[in-house]
Structure formats: C-alpha cells, structure tokens
Amino acid sequence: MDRDTRNAAIGALWILLLFGIAAYYLPTVMLAIGSVSTILAGVVAAVFMVAIFIVFWLRGRSQRKKDH
C-alpha cells in the first residue's frame, strides 16, 4: 500500500466513523427537535443524508484534481 492509498483509506475511515457516530445519535436529536417542530426534524434528517453525499462528492473531486 503506497502513501496516497493509505491516506485515502484513512480519510475515508474518518469520514465513515464521524457520520456513523452522527447516525447513531440522529434519532435522539430528531426526537428532541421534533418536540419543537416536526418539519425541522425532517429537515435535519434530510441535511444529514445530503451531507454524506456532498462530503464524498467533494472528496472525489479533490482526489481527481490530484491525479491530473
């Protein structure tokens, strides 16, 4: 495993760990926010799901720029 591959794997691991921890606590956060506004709780869940894709999309763009 070369240096670039190792760094990419470590970066992906950190991203997955952070989003995994956030996903674990997401139901608790949604219930707390849902007591204020059910629409806001839905927005928080949607933002969380979109954030996962945005982070990996940005990471892919960054990796593509390094390759060229």
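Here are some short exercises with worked solutions on a predicted model.

**Exercise 1. The overall fold**

Task: Work out how many helices and strands the chain has, and how its radius of gyration stands against that of a compact globule.

Solution:
- Step 1. Begin with the secondary structure, which comes to two helices and zero strands. Helix H1 covers residues 3-34, and helix H2 covers residues 38-67.
- Step 2. Turn to the radius of gyration. The chain has 16 Å, whereas a compact globule of 68 residues would have a value near 11 Å.
- Step 3. Add the box along the principal axes: the C-alpha atoms fill roughly 50 × 20 × 10 Å.

**Exercise 2. Surface and burial**

Task: Find what share of the residues counts as buried, and what share of the exposed area comes from carbon and sulfur atoms.

Solution:
- Step 1. Among the 68 residues of the chain, 12% count as buried.
- Step 2. The chain exposes about 5500 Å², and 72% of that area is supplied by carbon and sulfur atoms.
- Step 3. Now look for a nonpolar patch on the surface. Ile 10, Leu 13, Trp 14, Leu 17 and Leu 18 form one, and together they have about 530 Å² of accessible area.
- Step 4. Take one member of the patch, Leu 13, which lies in helix H1. Its relative accessibility is 48%, so Leu 13 counts as partly exposed.

**Exercise 3. Ile 15 and its surroundings**

Task: Decide whether Ile 15 is buried or exposed, and list which residues Ile 15 touches beyond four places away in sequence.

Solution:
- Step 1. Place the residue: Ile 15 sits in helix H1.
- Step 2. Apply the cut-off. Buried means under 20% relative accessible area. Ile 15 has 15%, so this residue is buried.
- Step 3. Leave out residues up to four places away in sequence; Ile 15 then touches Val 55, Phe 56 and Arg 59.
- Step 4. For another view, take Val 36, which is 21 residues from Ile 15 in sequence; the C-alpha atoms of the two are 30 Å apart in space.

**Exercise 4. Distances between C-alpha atoms**

Task: For Ala 22 and Phe 48, Met 49 and Phe 19, and Thr 28 and Val 50, set the separation along the chain beside the distance in space.

Solution:
- Step 1. Ala 22 and Phe 48 are 26 residues apart along the chain, and 8.5 Å separates their C-alpha atoms. Ala 22 belongs to helix H1 and is partly exposed at 32% relative accessible area.
- Step 2. Met 49 and Phe 19 are 30 residues apart along the chain, with a C-alpha separation of 9.6 Å. Met 49 has its place in helix H2, and its relative accessible area of 43% makes it partly exposed.
- Step 3. Thr 28 and Val 50 are 22 residues apart in sequence and 19 Å apart in space, C-alpha to C-alpha. Thr 28 is found in helix H1 and is exposed, with a relative accessible area of 52%.

**Exercise 5. An aromatic pair**

Task: Say how many aromatic pairs a search of the whole structure finds, and classify the pair formed by Tyr 24 and Tyr 25.

Solution:
- Step 1. The search finds two aromatic pairs; one of them is formed by Tyr 24 and Tyr 25.
- Step 2. Two values describe such a pair: the distance of the ring centres and the angle of the planes.
- Step 3. For Tyr 24 and Tyr 25 these values are 5.0 Å centre to centre and 85° between the planes. Planes over 60 degrees apart count as edge-to-face, so the Tyr 24 and Tyr 25 pair is edge-to-face.
- Step 4. Finish with accessibility: Tyr 24 counts as exposed at 61%, while Tyr 25 is partly exposed at 48%.

Conventions: Residues numbered from 1 in each chain as written. Predicted model: local features only at pLDDT ≥ 70, side-chain atom pairs only at ≥ 80, totals over all residues. Heavy atoms only, no water. Helix = DSSP H or I, 4+ residues; strand = E, 2+ residues; numbered from the N terminus. Buried < 20%, exposed > 50% of the residue type's maximum accessible area, 1.4 Å probe, protein only. Contact = heavy atoms within 4.5 Å. Patch = residues over 30% accessible without salt bridge, like charges linked within 9 Å, V, L, I, M, F, W, Y side chains within 5 Å. Areas by Shrake-Rupley, 256 points an atom, 1.4 Å probe, with all protein chains shown as cover. Salt bridge = Lys/Arg side-chain N within 4 Å of Asp/Glu carboxyl O. Phe/Tyr/Trp six-rings, centres within 6.5 Å; stacked < 30°, edge-to-face > 60°. Rg over C-alpha atoms; globule rule 2.2 N^0.38 Å.
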